[in-house]
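The following exercises concern a ligand site and some unusual backbone features. Please work through each task before reading its solution.

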Amino acid sequence: MSHYKRIESALVHGGLYGDPHTGAVNTPIYQTSTYEQDGLGKTRAGWEYSRTGNPTRAALEALIAELEQGSHGFAFASGLAAIAAVLHLFQSGDSVVISSNVYGGTFRILDKVFKQYGLSHVIADTADLDAVERAFTPDVKAILIESPANPLLTVTDIAAVAQIAKRHGALTIVDNTFMTPYLQRPLTLGADIAVHSATKYLGGHSDLLAGLVAVKTPELADRIHFIQNAVGAILPPSDAFLLIRSIKTLGVRMDRHVANAETIAARLQGHGAVARLFYPGLPRGPGYAVQQKQARNGGAMISFELTETYGVGRFFEALGLVALAESLGGVESLACHPATMTHAAIPKEIRDGVGITENLIRLSVGIENVEDIWEDLSQAIEGARG
Ligand SMILES: *Cc1c(COP(=O)(O)O)cnc(C)c1O
């Protein structure tokens, strides 16, 4: 029986809190590859080999399962290792529907790796439920969505998509990296699997790579555990420890990230240099109603385009406090150029088709003082004027 009901407390106390052997309030780093057994088939506490299971990783896995309200959780070496493990559920001849703007690496692993083994993919505008319905051919065994999606922050109605998928006997997989379970819990909306690049907000300090999976049913848990052990891209115990430590402050970090992002988005909206602005927390913006229904708020990622008088190259060069870098979700503010960075793996025709233009700038709003972030963005916009 836990002594709390709310997610802010679960972030601090959830999973296998502490160490039952010593009372230590933190789960120790069990830096071991193997475990002594007392006789053939007689382990001391069920542990055999650390690819199969490790107590530090298990504490993290129990934590993500609890936060996402799933039956089990799994920790991997990176977000893509987690996505690869989930894609290993499928077979040659199967097909997966993906959102038209997903993380470039998710597109690449399907297009360049899994396609070789006969797993195909179909791209659909998952914000359009009729398009989702049409994408379901008999081969489709799953739909993999991001909401809000990367980098245009397009919002997909997770509950509605999960209902369509269920009717077609397919799984709903949600990459919940941009929201985290603090802002959105896909399994409670009907999804079967939530995946995370924990490298981002869950890790939160730009100092580790990790991936997490939470599944709704014990049956899916057995299959993912089999794949995790068989393929082996597990998260080491030291990184599992760091991630548990990071997740304890997720709530306070996200509150500041989001408050800063709401301020920056409101100011960009009124700025004469901004041609298009994408932020799902803007009232009256596309996707706002669905976002309000399924998530706590609009998160802390913002994308925008400058008008033609401004040069994106000059904008990035003029930035001072805000770093030009891949990745997102760390305490520091980052800006990136999706067309040549995070989404370069997507062919230009597809990028243009979905609106990932050469002028698009993606911001991961950090937890610094919002006035410092704004002053840096304003002076960089000024410096970008042609
Ligand atoms: C970064 C990212 C990934 C890939 O995760 P890695 O930890 O870099 O392997 C997957 N999905 C989304 C939405 C991401 O932002």
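The model examined here is predicted.

**Exercise 1.** Identify which polar atoms of Ser-197, Thr-199 and Gly-79 approach the ligand, and state how much of the ligand the protein buries.

*Solution.* Begin with the side chains. An N or O atom in the side chain of Ser-197 is 2.8 Å from an oxygen atom of the ligand. For Thr-199, a polar side-chain atom lies 2.6 Å from a ligand oxygen atom. Gly-79 instead offers a polar backbone atom, 2.8 Å from an oxygen atom of the ligand. The protein buries 94% of the 380 Å² that the ligand exposes when taken alone.

**Exercise 2.** Describe the composition of the shell around the ligand.

*Solution.* Sort the residues by class: six are nonpolar, six polar and three charged. Then consider their origin: helix 3 (residues 79-87) supplies three residues, the largest share.

**Exercise 3.** Locate the cis peptide bonds that precede Pro-148 and Pro-151.

*Solution.* The bond from Ser-147 to Pro-148 has omega near -5 degrees, and the bond from Asn-150 to Pro-151 has omega near 5 degrees. Pro-148 is in the loop between strand 6 (140-146) and helix 6 (158-167); Pro-151 is also in the loop between strand 6 and helix 6. Most peptide bonds are trans.

**Exercise 4.** Is Thr-180 buried or exposed?

*Solution.* Thr-180, in helix 7 (residues 180-183), has a positive phi of about 70 degrees. The cut-off for buried is under 20% relative accessible area. Thr-180 has 1% relative accessibility and therefore counts as buried.

Methods. Residues numbered from 1 in each chain as written. Predicted model: local features only at pLDDT ≥ 70, side-chain atom pairs only at ≥ 80, totals over all residues. Heavy atoms only, no water. Polar contact = N/O pair within 3.5 Å; in protein donor to acceptor, adjacent residues only side chain to side chain. Areas by Shrake-Rupley, 256 points an atom, 1.4 Å probe, with all protein chains shown as cover. Helix = DSSP H or I, 4+ residues; strand = E, 2+ residues; numbered from the N terminus. Nonpolar A, V, L, I, M, F, W, Y, C, P; charged D, E, K, R; others polar. Buried < 20%, exposed > 50% of the residue type's maximum accessible area, 1.4 Å probe, protein only.
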